[in-house]
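Colleague: I'm new to this one, so could you take me through a single part slowly? I'd like to see how the biggest greasy patch inside is put together, and then how the helices pack.

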Amino acid sequence: MNITIDMIKQLREATAAGMGACKEALKATDGNMDEAVKYLREKGLAVAAKRVDKESKQGIVALATSADKKAMALAEVNCETDFVAKTEAFVKFVDEAAQVALAGKDIEATLSDDYKMLLTKTGENVKIRRSERFELTGAGCVSGYIHMGGKIGVLVELGCDKPGEKLDEAAHMVCLHIAANAPKYLKPEDVPQAEIDAELEIKLNALKEQKGKLPPEQALVGIKKGMAAKFCSQICLLKQDYVADGEITVEKYLDNVAKEIGAPVTVKRFCRMQLGA
């Protein structure tokens, strides 16, 4: 069958695949448009399979928000190069992935056809890496933030019986802090003892190397306690120095907000996604 330029353009408009790929697909399917689309999708999967050993460290973290702002979701999709991450097709797909996550659906299953076409368009090893969805539970608010053009995404839920603009602002500021300071846990009680012990072992070995020997056991008890507290203050959100005011902790900042609002403010949960991390 004679493959015309109009047929190639039609297939390109339907799939956004390259002109050469469209011509190849039409030739392989004797000009059958539906079969050509299927051919391109299958080719995309084949390309991805061949490139499975290629590292996918670039990409985007996208945020989706419900109309009532009571639910938000993050989705991370990875690719091999920053060039592909900036293409219209890739950006659109990641935005759609975040919307699917917001709806509480499985991204890979829901966007199966779109994913296959994206593989064809990019020719790269594209991975739908992860997603997270927060929906408000009880009184309070949820907030989301995207940093560095999609390199970092944050979600946080604050609980408060008097929601409003002040609480929304506080939630946004906490998001900014999380993006900048990368806390791993909410409070010291959440840190696994094994992680604390591992850190203490490193610190004590360094102290022994510096001093030649460790202090007496009686003094060591207080030293360990201080080391553990400092370690937790570095990785626990509430104990970290607040990024907008290094004189207070995040916990103190929220206490101040609570006084302004006239009701306690609590951090119920948070999520931080860093591209490739």
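Modeller: What follows is a walk through the main core first, and then through some helix pairs and two single residues.

Keep in mind that this is a predicted model. The largest nonpolar core contains 29 residues. Val156, Leu158, Leu237, Tyr253, Leu254, Val265 and Val267 are the ones with the most contacts inside that core. As for where the residues come from, the elements that supply two or more of them are strands β4 (140-147), β5 (152-159) and β6 (266-274), along with helices α8 (165-181) and α11 (250-261). Of these, α8 gives the most, with seven residues.

Val267 is a good place to zoom in. If you skip its neighbours within four places in sequence, Val267 is in contact with Val156, Glu157, Leu158, Leu186, Leu237, Leu238 and Leu254. Apart from this core there is another one, made of 24 residues, including Ala64, Ala73, Phe90 and Leu118.

Back to the two helices of the main core. α8 and α11 pack with their axes 10 Å apart, at an angle of about 170°. That makes the pair roughly antiparallel. On the α8 side, the residues that meet α11 are Lys166, Leu167, Glu169, Ala170, Met173, Val174 and His177. They face Val250, Tyr253, Leu254, Val257, Glu260 and Ile261 in α11. Sorted by class, this contact has nine nonpolar residues, one polar and three charged. Tyr253 and Leu254 may ring a bell, as both are on the list of core residues with the most contacts.

Now for a strand that feeds the same core. Gln274 sits in β6, and its relative accessibility of 33% makes it partly exposed. Leaving out residues up to four places away in sequence, Gln274 touches Glu76, Arg129, Arg130, Lys151 and Ile152. Gln274 and Ile146 are 128 residues apart in sequence, yet their C-alpha atoms are 10 Å apart in space.

Next, a helix pair with another angle. α9 (residues 193-211) and α10 (residues 217-235) pack at about 120°, and their axes are 10 Å apart. The two are therefore oblique to each other, and α9 passes α10 in a right-handed crossing. From α9, Glu195, Ile196, Glu199, Leu200, Lys203, Leu204 and Leu207 take part. Their partners in α10 are Leu220, Ile223, Lys224, Met227, Ala228, Phe231, Cys232 and Ile235. This contact has eleven nonpolar residues, four charged ones and no polar ones.

Finally, go to the start of the chain. Helices α1 (residues 5-15) and α2 (residues 19-28) have axes 9 Å apart and an angle of about 110° between them, so they are roughly perpendicular. Here too the crossing, of α1 past α2, is right-handed. Ile5, Met7, Ile8, Lys9, Leu11, Arg12 and Thr15 in α1 meet Met19, Cys22, Lys23, Ala25 and Leu26 in α2. By class, that comes to eight nonpolar residues, one polar and three charged.

One residue of that contact deserves a last look. Leu11, which belongs to α1, is buried, with a relative accessible area of 0%. Leu11 and Glu201 are 190 residues apart in sequence, and from C-alpha to C-alpha they lie 62 Å apart in space.

Notes:
Residues numbered from 1 in each chain as written. Predicted model: local features only at pLDDT ≥ 70, side-chain atom pairs only at ≥ 80, totals over all residues. Heavy atoms only, no water. Axes fitted to C-alpha atoms, helices over the stretch in contact; angles between N-to-C directions. Helix = DSSP H or I, 4+ residues; strand = E, 2+ residues; numbered from the N terminus. Parallel < 35°, antiparallel > 145°, perpendicular 65-115°, else oblique. Left-handed = near helix turned anticlockwise from the far one by under 90°. Contact = heavy atoms within 4.5 Å. Nonpolar A, V, L, I, M, F, W, Y, C, P; charged D, E, K, R; others polar. Core = buried A, V, L, I, M, F, W, Y, C linked by side-chain atoms within 4.5 Å. Buried < 20%, exposed > 50% of the residue type's maximum accessible area, 1.4 Å probe, protein only.
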